[in-house]
Amino acid sequence: MTAPATVRKVAANTTVRHYVARVAFGLVLTIVGLLFALPLVWLVLAPFDATPTLSLAWPDWTLDNFARLFQNPYAMRSIGNSLLLGVGTMIIVVVLGALAAYAMSRIRIPGRDGILYGLLLLSSIVTGTAAMVPTFQIITSLGLINTYTGVLLVLAGGILPTVIFILKDFMDSIPKSYEESARLYGAGPFRILRDVVVPIARPGLAFIAIWTIVQVWGNFLVPFILLRSPDLQPAAVVMYTFYTESGQADLRLISAFALLFSAPVLIIYFVVNRRYGFRFHGGIKS
Amino acid sequence: MTASTTTTPAGSAIAPRRRRADDVAGLGTARAGIFVAPALIIIGLFLLFPAVWTIWLGMTDYRLTGLQAASPEFVGFENYIDALTDPSFWNSLGLTLVFVVASGIVGQTLIGFALAWSVRNIHGWVKALIEGLVLAAWVIPASVASFLWLVLMDRRSGTLNGLLGTDGYAWLIEHPMEAIILFNIWVGTAFSMQLFSSALSAVPPSQIESAKMVGASGWQQLRDVIIPNIKGHILTNTLLITLWTFNTFTPYLVTAGGPNGKTEILSVYIYETAIPGGQLGLGAAISLIMLLINLVIALAYIRVSRGRKKA
């Protein structure tokens, strides 16, 4: 065999191998994609099916399930409860977090960075799961079991360290000259905070607000442990009781409910991700 | 305390100039304290205190009901001895280890990396679709995600049985551990995928080019160029995933620890012991063990991230 022929043969071999590798790669990617898609397809199709089953099926399109869902006071109240918990925690966390982050950014407290890192470390160690017994006991002895106050405080306590940490970075980036000139014109600290700092830190505050709502919206364990009466429970808990306590699952209701409950966070996530390109790095699910 | 002097002209003359420049808003230490206090009080009461309280609670015979509910007694290390000599505790710890290694360290990390690696050179709708699907699994609330998996694996008419033609096969009873491992991979892979995506895009293209020039195969490029470059990210990702997987409670929503405690990972075990079981003291003792494991993982994470910042 002459040298050029060998080269040609090797080249042909690598092309074949390359081609096979491409096909295999595409195949594996398709399978992985299908595995990820499979549970989601039901979520998208079943709510619009007149007679949803547990198997995947092309729906007999209808919006009746949603109409029934909107009439079900139980389901809709739980969505309202989720909103209340999300917005409530968000307000506590944004207001208190901004105040604390601002003060920490502007006043030199000895060992401040140590304290911040310590708090962050603490919040990743003391999770809802590891601290459920003492949390349950503290809330019980404070008489806050089965109240929103208890749930809001526990949720806020878990989220605040991260919030202060992120917001302090934002506050640090605000040029001090702005505040100096505001002060020259006679503005007090509260005025400066409201009219100078908050407007500049708005992107940071908005990020924190959205991040908090997404976190609380899906949180199951805290309300599951601290809330007893079904009237107060958020959608995350009610969704669970829907299919465990009622022997015969009403799939028309549950499927529509699952989609309605998931849609807000999916929309928030994809809109924010697309528009601002930032990613919810860190413990979006913890 | 020293900062308060900066608000008075006399004090500012003594205090270092840098300090005065810090307090541009004229906040003063007292007001700064008022700003910080509410947040710190909430954190102290509902995060720090529970951690400390666990130590005491774990040494009592505190129960949800009965005599010990009204006046719990100090029992010393009895709960710890009870827990450590109970085979069901060790069973739970073993299950947790399998769960964390299989679903977190191996599953989420490897699949997350493979996905990031596969789509790194693709653009357009295929990339958007794959990333979107993985992200959606991550974003939807755990209650919904777990229900979707119950639908998938349902005994009578589940999708999986429909596809495989294994009608009537009870996946959750025959393979409960495999089920929650797959479930957790499905839920959590998005984080690894995103982290590795950004890590891969930061690898210097010149290094990959020179590797290609000398004829390195894809595998060799991965081993000799890519992995050394993203070693720090791999370590960070592994530690975070380990911490989160170790603490997750959502598998409870799929199997509720069953059947026969076959999926009773530590978080579920604590819940079952303390709340429905009513043994708060024993539950707290196991919680402390969990807190200590968390502490070790978190300290390792801090060490790694500090080392990376210096490098």
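Is A:Asp231 buried, partly exposed or exposed? In this predicted model, A:Asp231 has a relative accessibility of 43% and therefore counts as partly exposed. That value lies between the cut-offs of 20% and 50%.

A:Asp231 does not stand alone. Its side chain meets that of A:Arg77 in a salt bridge, with N and O 3.2 Å apart. The pair links distant parts of the chain, as the two residues are 154 residues apart. A:Arg77 belongs to helix H3 (residues 73–106) of chain A. A:Asp231 sits in the loop between helix H10 (221–226) and helix H11 (235–245) of chain A. A:Arg77 is also partly exposed, because its relative accessibility is 35%.

Over all chains, the count comes to eight salt bridges. Another of them joins A:Arg112 to A:Asp113. Here the closest N and O atoms are 3.7 Å apart. The two partners fall into separate classes of exposure. A:Arg112 has a relative accessibility of 11%, so A:Arg112 counts as buried. A:Asp113 reaches 42% and therefore counts as partly exposed.

A further salt bridge connects the side chains of A:Asp195 and A:Arg194, at 3.2 Å from N to O. A:Asp195 is partly exposed, because its relative accessibility is 39%. A:Arg194 has a relative accessible area of 55%, so A:Arg194 is exposed. The cut-off for this class is over 50%. These two residues also belong to a network of salt bridges that includes A:Arg191.

Attention now turns to the interface. Between chain A and chain B, the count of salt bridges is zero. Polar contacts do occur there: eight residue pairs are counted, with both residues at pLDDT 80 or more. Helix H1 (residues 3–45) of chain A gives the largest share of the side of chain A that touches chain B, with 12 residues. That side of chain A divides into 65 nonpolar, 16 polar and nine charged residues. The contact takes 90 residues from chain A and 92 residues from chain B. About 8,100 Å² is buried between the two chains. Carbon and sulfur atoms give 78% of this area.

One residue of chain B shows contacts with both chains. B:Thr189 lies in helix H11 (residues 176–201) of chain B. Its relative accessibility is 0%, so B:Thr189 counts as buried. Beyond its neighbours within four places in sequence, B:Thr189 is in contact with A:Phe36 of chain A. On its own chain, B:Thr189 is in contact with B:Gln108, B:Ile111, B:Gly112, B:Leu115 and B:Val134. A polar atom of the B:Thr189 side chain lies 2.5 Å from the backbone oxygen of B:Ile185.

Confidence remains to be considered. The model scores ipTM 0.85 and pTM 0.86. Chain B has a mean pLDDT of 85, and 90% of its residues reach 70 or more. Within chain B, confidence is highest in helix H16 (residues 266–274), at a mean of 94. Confidence is lowest in helix H1 (residues 9–14) of chain B, at a mean of 42. Over residues 1–21 of chain B, pLDDT stays under 50. For this stretch, the model has 17 contacts beyond four places in sequence.

Note on methods
Residues numbered from 1 in each chain as written. Chains lettered and ligands numbered in written order. Heavy atoms only, no water. pLDDT = per-residue confidence, 0-100. Helix = DSSP H or I, 4+ residues; strand = E, 2+ residues; numbered from the N terminus. Contact = heavy atoms within 4.5 Å. Buried area = accessible area lost by both parts, 1.4 Å probe. Salt bridge = Lys/Arg side-chain N within 4 Å of Asp/Glu carboxyl O. Polar contact = N/O pair within 3.5 Å; in protein donor to acceptor, adjacent residues only side chain to side chain. Nonpolar A, V, L, I, M, F, W, Y, C, P; charged D, E, K, R; others polar. Buried < 20%, exposed > 50% of the residue type's maximum accessible area, 1.4 Å probe, protein only.
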